[in-house]
Amino acid sequence: SYYWVKFTIENKLPEKTKPILEITFPRQDLIELYKPDLKNQYSKLITGDLFPFSSREIHHLSFAFELEIEPNTSKTYYIKTRSTYNRSILNPFLLT
């Protein structure tokens, strides 16, 4: 099954922030991250353990993505996941 996660991050700071989203469960067959740009157009990043390590945006043991939020704004992101090992919607997500 596929699972979707929607989340919004608000940046209340006067400068741009670049938090890292980390998906800590490494056995994700598929991860699609939909990131909005400044015009709210979404681009899709695809990775997962069925893809080569080089497909990862950040070369890390976990799946990690750099987000970018302009000052005093918020952005909404979407993640689509699939895993044959567990219910991926229950996996921990970290934002640092």
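## The nonpolar core

In this predicted model, the largest nonpolar core has 13 residues, and those that touch the most other members are Phe-7, Leu-21, Leu-33, Phe-65, Leu-67, Tyr-77 and Ile-79. At least two residues of this core come from each of E1, strand E2 (20-23), E3, strand E5 (63-66) and E6, and the greatest contribution is that of E1, which gives 3 residues. As a general background to such a grouping, nonpolar side chains in soluble globular proteins tend to be buried together.

Two of the core residues named above, Phe-7 and Tyr-77, are both buried. Of the 96 residues of the protein, 39% count as buried.

## Overall make-up

The protein has 7 strands and 0 helices, so that, read from the N terminus, its elements follow the order β-β-β-β-β-β-β. Among the contacts between residues at least 6 apart in sequence, 70% join residues that are at least 24 apart.

## The four-stranded sheet

An open sheet is formed by 4 strands in the order E1-E6-E3-E4, with antiparallel pairing. Its edge strands are strand E1 (2-11) and strand E4 (42-47), each of which pairs on one side only, and from one strand to the next the twist averages 20°.

Within this sheet, E1 and E6 pair in the antiparallel sense over 10 bridges, and one of the positions concerned is Ile-9, which stands opposite Lys-75 in E6. Strand E3 (residues 30-36) and strand E6 (residues 73-82), which also run antiparallel, are joined by 5 bridges; here Leu-33 has Ile-79 as its bridge partner in E6, while the bridge partner of Ile-31 in E6 is Thr-81. Both Leu-33 and Ile-79 are also listed among the core residues that touch the most other members, so this bridge pair can be followed from the sheet into the core by the reader who has the 3D structure at hand.

## Aromatic rings and a charge over a ring

The structure holds 3 aromatic pairs. One of them is formed by Phe-7 and Tyr-77, whose rings are stacked at 5.4 Å centre to centre, with 15° between the planes. This pair links distant parts of the chain, since Phe-7 belongs to strand E1 and Tyr-77 to strand E6, 70 residues apart.

The surroundings of Tyr-77 can be described further: leaving out residues up to four places away in sequence, Tyr-77 touches Val-5, Lys-6, Phe-7, Ile-9, Leu-33, Tyr-34, Lys-35, Pro-36, Leu-67, Glu-68 and Ile-69. Elsewhere, Lys-80 lies over the face of Tyr-2, at 4.6 Å from the ring centre.

## The setting of Lys-35

Where does Lys-35 have its place? Lys-35 is located in strand E3, and its relative accessible area is 17%; because buried means under 20%, Lys-35 is counted as buried. Apart from neighbours within four places in sequence, the residues in contact with Lys-35 are Gln-41, Tyr-42, Ser-43, Leu-45, Glu-57, Glu-66 and Tyr-77.

Lys-35 and Lys-75 are 40 residues apart in sequence, and their C-alpha atoms are 8.5 Å apart in space. Lys-75, as noted for the sheet, is the residue in E6 that Ile-9 stands opposite, whereas Tyr-77, a contact of Lys-35, is the stacked partner of Phe-7.

How values were computed. Residues are numbered from 1 along each chain as its sequence is written. This is a predicted model: local features need pLDDT of at least 70, side-chain atom pairs count only at pLDDT 80 or more; totals for chains, interfaces and linings use all residues. Side-chain values use heavy atoms; hydrogens and water are left out. Two strands pair if DSSP finds at least two bridges between them. Axes are lines fitted to C-alpha atoms, for helices over the stretch in contact, and angles run from 0 to 180 degrees between N-to-C directions. Rings of Phe, Tyr and Trp (its six-membered ring) pair if their centres lie within 6.5 Å; planes under 30 degrees apart count as stacked, over 60 as edge-to-face and the rest as tilted. Buried means under 20% relative accessible area, exposed over 50%, partly exposed in between (1.4 Å probe, protein chains only). A charge sits over a ring if NZ of Lys or CZ of Arg is within 6 Å of the ring centre and within 35 degrees of the ring normal. A nonpolar core is a set of buried Ala, Val, Leu, Ile, Met, Phe, Trp, Tyr and Cys residues joined through side-chain atoms within 4.5 Å. Contact means heavy atoms within 4.5 Å.
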